[in-house]
Amino acid sequence: MKVNSNRAISFTSIYTNKALKRGLEFAEENGALFAATTTLGLSAFARPAAIWLAPHTDKENKKVACAKSLSSSLAGYILMLGLSNPVSKAIKKIDKNPDKYLKPQTIKKMQLGAETLKQSKSYILATQMFKLGLGIVVAAPKAILTCAGMPFIMHKIFHKPEQKKEEKGLTFKGKNTDRLAEKIGKVIDSPAMQKFSEKFKNSNFAMHIIAATDILNTAVFIHEINRSNKIEERRKKAVNYNAGISTGMSVASGYVADKLLDKPTERFIQKFRIANKGMPNVEKQIEGIKIAKPILLVGGIYYIVIPFISTFLADRAEHSEKLDRLIHSSNKNHDNYC
């Protein structure tokens with residue numbers, strides 16, 4: 001009985017852990033920065049380790065893949081740190097005082113069926129479109145900075161002879177979050193946003209935004225790699241294959257894993273709600289669980305599982321292409337000789 005009691009206390013502590021709650025509140029308040037912070041942590045340690053453990057792979061291709069991972073996460077974090085905080089603060093103001101920033105009919109329409117406006121699925125989707133949607137906004141500049149930063153990281157970490165100064169990230173200098181809150185409020189007031197929020201309030205919008213961000217970022221990154229004169233031509237194919245394979249596999253497997261974990265997540269949320277009954281910010285923390293779930297899933301797959309596979313496959317694809325060119329050249333020479 002004593003052992004069971006201790007186990008029960010330990011089990012309950014998972015749901016009442018203060019650090020977990022703070023993390024969930026962070027995810028709800030600033031999902032884009034939460035994703036960037038998670039990415040930075042995983043790409044600094046887990047992804048390079050996974051890449052380096054890939055078997056039968058060219059070491060130089062491994063170095064380039066590691067440089068891409070570090071450059072991408074640093075660029076994403078710097079951009080998000082500068083851009084997401086003003087948006088997060090502006091939406092907090094709307095949350096606390098919706099009457100100031102939203103029309104009465106907007107509040108009435110969005111709150112319909114919910115206890116408070118902040119618990120309305122339509123309102124949650126509308127505000128998260130701004131918070132998580134920043135990932136899509138910075139996808140292109142992040143990819144450009146990633147490409148620009150790779151030679152710099154290659155030089156600093158792997159002592160490559162080429163050096164390129166790292167470009168500075170964009171920063172948001174505006175301090176007037178009241179004005180930003182008013183602009184966001186006007187967008188939420190628009191019939192188009194209200195119609196969109198109502199239609200897709202029960203969709204897996206967090207996962208969709210993360211997937212769209214990754215695909216856009218990868219497409220721009222591949223374009224920039226092909227244009228760059230600072231990346232060795234013989235390395236570009238492997239980098240492009242690595243990026244494409246990684247994104248494709250992580251998005252596809254992320255959706256599968258997210259679906260498989262729907263029921264366990266709902267059970268966790270139910271137990272979390274019971275364990276924290278009557279506590280402030282419970283619903284906010286539960287929304288944080290829904291935001292953090294796809295971010296951690298895709299991050300874990302992309303930065304731990306996929307690099308091991310994609311680095312190997314990219315290297316094989318590069319060697320296969322070289323072999324095809326060699327065979328083609330040999331056949332051509334043979335035909336000319338004949």
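A helix axis here is a line fitted to C-alpha atoms over the stretch in contact, and the angle between two axes runs from 0 to 180 degrees between N-to-C directions. Two packed helices are described by the angle between their axes and the distance between the axes. The structure discussed here is a predicted model.

The chain holds 15 helices and zero strands. Of its 338 residues, 46% are buried. Among contacts with a separation of 6 or more, 80% join residues 24 or more positions apart.

Two helix pairs show how the packing angle can vary. Helix H10 (residues 177-189) packs on helix H11 (residues 191-200) at an angle of about 70°, and the two axes lie 5 Å apart. Angles of 65 to 115 degrees count as roughly perpendicular, so H10 is roughly perpendicular to H11. On the H10 side the contact involves Val187, Ile188 and Asp189, and on the H11 side Pro191, Met193 and Gln194. By class, the residues of this contact are four nonpolar, one polar and one charged.

The second pair is H12 and H13, with an angle of about 175° and axes 10 Å apart. An angle over 145 degrees counts as roughly antiparallel, and H12 and H13 are therefore roughly antiparallel to each other. From H12, the residues in this contact include Met207, Ala211, Asp214, Ile215, Thr218, Phe221, Ile222, Ile225 and Asn226. They meet a set in H13 that includes Lys236, Val239, Asn240, Ala243, Gly244, Thr247, Val251 and Tyr255. The contact of H12 with H13 has ten nonpolar, seven polar and four charged residues.

One residue of this contact can be followed further. Asn240 lies in helix H13, which spans residues 233-260. Its relative accessibility is 13%, and because buried means under 20%, Asn240 counts as buried. Neighbours within four places in sequence aside, Asn240 is in contact with Ile222, Ile225 and Asn226. These three partners are among the H12 residues that meet H13.

The model also contains enclosed space. There are three cavities of 30 Å³ or more, and the largest cavity holds about 510 Å³. Its lining consists of 28 residues, and those nearest its centre are Ala35, Thr39, Lys142, Thr213 and Asp214. Helix H3 (31-52), helix H4 (59-96), helix H9 (139-158), helix H12 (205-227) and helix H15 (282-337) are the elements that each give two or more residues to this lining. The lining residues divide into 13 nonpolar, eleven polar and four charged. Asp214 thus appears twice in this account, since it also belongs to the H12 residues that meet H13.

Thr39, one of the residues nearest the cavity centre, lies in helix H3. With 15% relative accessibility, Thr39 counts as buried. Outside its neighbours within four places in sequence, Thr39 is in contact with Ser73 and Tyr303. Thr39 and Tyr302 are 263 residues apart along the chain, yet their C-alpha atoms are separated by 9.4 Å.

Open space is found in the largest pocket, which has a volume of about 1100 Å³. This pocket is lined by 39 residues, with Ile124, Glu283, Ile286, Glu287 and Lys290 the closest to its centre. Two or more residues each come from helix H2 (18-29), H4, helix H7 (121-131), H12, helix H14 (262-275) and H15. H15 gives the most, with nine residues. The pocket lining divides into twelve nonpolar, nine polar and 18 charged residues.

Between H14 and H15, two of the helices that line the pocket, there is a loop that holds Asn281. Phi of Asn281 is near 65°, a positive value in a residue other than glycine. Asn281 counts as partly exposed, at 38% relative accessibility.

The last stop is Thr16, in helix H1 (residues 2-16). Thr16 is partly exposed, with a relative accessible area of 31%. Neighbours within four places in sequence aside, Thr16 is in contact with Lys21, Ala275 and Asn276. Thr16 and Met279 are 263 residues apart in sequence, and their C-alpha atoms are 10.0 Å apart in space.

Definitions and conventions. Residues numbered from 1 in each chain as written. Predicted model: local features only at pLDDT ≥ 70, side-chain atom pairs only at ≥ 80, totals over all residues. Heavy atoms only, no water. Helix = DSSP H or I, 4+ residues; strand = E, 2+ residues; numbered from the N terminus. Buried < 20%, exposed > 50% of the residue type's maximum accessible area, 1.4 Å probe, protein only. Contact = heavy atoms within 4.5 Å. Parallel < 35°, antiparallel > 145°, perpendicular 65-115°, else oblique. Nonpolar A, V, L, I, M, F, W, Y, C, P; charged D, E, K, R; others polar. 1 Å grid on protein atoms, 1.4 Å probe; cavity = no way out; pocket = protein on both sides within 12 Å on 5 of 7 lines; lining within 4 Å. Points joined across faces, edges and corners; volume = space filled by probe spheres on them.
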